[in-house]
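Work through these exercises with the structure on screen. Try each task before reading its solution.

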Amino acid sequence: MKDTSILVIYTGGTIGMKQDPDDLALRPFNFEQIVEEVPELRKFGCRIDTFTFDPIIDSSDVDVDFWKRLAGIIEEKYAEYDGFVILHGTDTMSYSASALSFMLEDLEKPVIFTGSQLPIGMPRTDGKENLISAIEIACAKDCNGNAKVPEVCIFFDSALMRGNRTTKYSAEEFKAFISPNYPTLAEAGINIKYHDPFIYRPQEWGKRLKVHKDLDPGAVILKIYPGIAPGTMESILGMPGLRGVVLETFGSGNAPSSEWFIDSIRKASGRGLVIVNVTQCMTGSVNMGVYATGIGLKSAGVLNGYDSTTESALAKLFFLMGQYPDNKRVKCEFEKNLRGEISK
């Protein structure tokens, strides 16, 4: 690892907090002194530099401009470092990891998101282990000198997961994230065990990184529930400037079979709206060819989100709508597997 360099980007979040000895309040510490806070990092022997957002951002305030800035930092520093570790609040980490996965095309270096449930300065913190393992994974190379995990990931509680396959699972447990529909990429125990068959690697190394910063946030998440009213559907689907909808349905992609409901979907799709079907279930996939209600949605023009997470489907819409002003092209591209976000 002597010739390896890692950039740690602190955007905000619990992991960077330390308790003030005077008033016991939690305040962010200086990440330029990260080795003093986590002396175990010295044992890696690699160069670890830091970049701190100013001001730091609570992950509840993350937006499209934040993603653009984060992607821009990686673009600017890409040639200088072998890998990137992004420290991020847990609440929206899956959204950010999903967005970055689409924004960074032909990525050949690790971009590892991590954070913690307890501040790094507290005795029982999970932050140190998450940070140490994330950096070790970001440093890891194969026998050819290529990155072991050249994709956007989340590392949390001993598990490395593809970023656009994750969702936040718990607000209290150290196991804050799961990858419900895709195997973990690596597990950290006594050693870090990489599950090579599930890790994405370029078919051809040496391509130049393409960073896509054109995002269109003109999409919403619409969760279907028993008793949803026609007025609710009309007000959401008729929002000015709306281009896309992530429709969270029941089971394997089912929704009410009422004539008014299907008609509202059909009219919205006919106006060009991109409507994507994902399941509300924690695991599983959408199949609109099994039940009559799913078939009705498909006939009304709804696209199949397969086993996408809601976070990934929304980020994918933002990305595709930013690339293509024509929604017909967005519809054509959406059902393709772009970054390993769906099993197809």
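**Exercise 1. Disulfides**

Task: Find how many disulfides there are, where a disulfide is a pair of cysteine sulfur atoms within 2.5 Å.

Solution: The count comes to zero disulfides. This is a predicted model, in which local features need pLDDT of at least 70 and side-chain atom pairs count only at pLDDT 80 or more, while totals for chains, interfaces and linings use all residues. Residues are numbered from 1 along each chain as its sequence is written, and side-chain values use heavy atoms, with hydrogens and water left out.

Step 1. Recall the bond itself. A disulfide is a covalent bond between the sulfur atoms of two cysteines.

Step 2. Check Cys 139. Its closest cysteine sulfur belongs to Cys 46, at 3.5 Å, so the two are too far apart for a bond.

Step 3. Look at the surroundings. Accessibility has three classes: buried is under 20% relative accessible area, exposed is over 50%, and partly exposed is in between, with a 1.4 Å probe and protein chains only. Cys 139 is buried at 3%. Cys 332 is partly exposed at 46%.

**Exercise 2. Strand β5 and its neighbours**

Task: State which strands pair with β5, and say whether its residues are buried or exposed.

Solution: Begin with the terms. Strands (E, at least two residues) and helices (H or I, at least four) are DSSP runs, numbered from the N terminus. Two strands pair if DSSP finds at least two bridges between them. Strands of a sheet pair through backbone hydrogen bonds, either parallel or antiparallel.

Step 1. Take one neighbour. Strand β1 (residues 5-10) pairs with β5 in the parallel sense over five bridges. Leu 7 has Phe 84 as its bridge partner in β5.

Step 2. Take another. Four bridges join β5 to the parallel strand β7 (residues 111-114). Here Phe 84 stands opposite Val 111, and Leu 87 has Thr 114 as its partner.

Step 3. Check the cover. Five of the five residues of β5 (residues 83-87) are buried. Gly 83, Val 85 and Leu 87 point one way, Phe 84 and Ile 86 the other.

Step 4. Continue through β7. Val 111 and Phe 113 point one way and Ile 112 and Thr 114 the other, and all are buried. β7 also pairs with β8 in the parallel sense, over three bridges. Ile 112 is partnered there by Cys 153.

**Exercise 3. A four-strand sheet**

Task: Give the order of the four strands in the open sheet that holds β15, and name its edges.

Solution: The order is β15-β16-β17-β18, with parallel pairing. The edges are β15 (219-223) and β18 (303-304), each pairing on one side only. Inside the sheet, six bridges join β16 (residues 244-249) to β17 (residues 274-279). Leu 247 has Asn 277 as its partner in β17.

**Exercise 4. Unusual backbone**

Task: Locate a cis peptide bond, then two positive phi values outside glycine.

Solution: Start from the background. Most residues other than glycine have a negative phi, and most peptide bonds are trans.

Step 1. Asp 54 and Pro 55 are joined by a cis peptide bond, with omega about 0°. Pro 55 is in the loop between β4 (47-52) and α2 (64-77).

Step 2. Asp 157 has phi near 50°. Its loop runs between β8 (152-156) and β9 (159-162). Asp 157 is partly exposed at 35%.

Step 3. Tyr 306 has phi near 55°. Its loop lies between β18 and α8. Tyr 306 is buried at 19%.

**Exercise 5. Helix α8**

Task: Compare the reach of α8 with its expected span, then judge its cover.

Solution: The expected span is 1.5 Å times one less than the number of residues. Helix α8 (residues 310-323) has 14 residues and reaches 20 Å between its first and last C-alpha, close to the 20 Å expected. Of its 14 residues 12 are buried, so α8 is largely enclosed by the rest of the structure. Among them are Leu 314, Phe 318 and Met 321.
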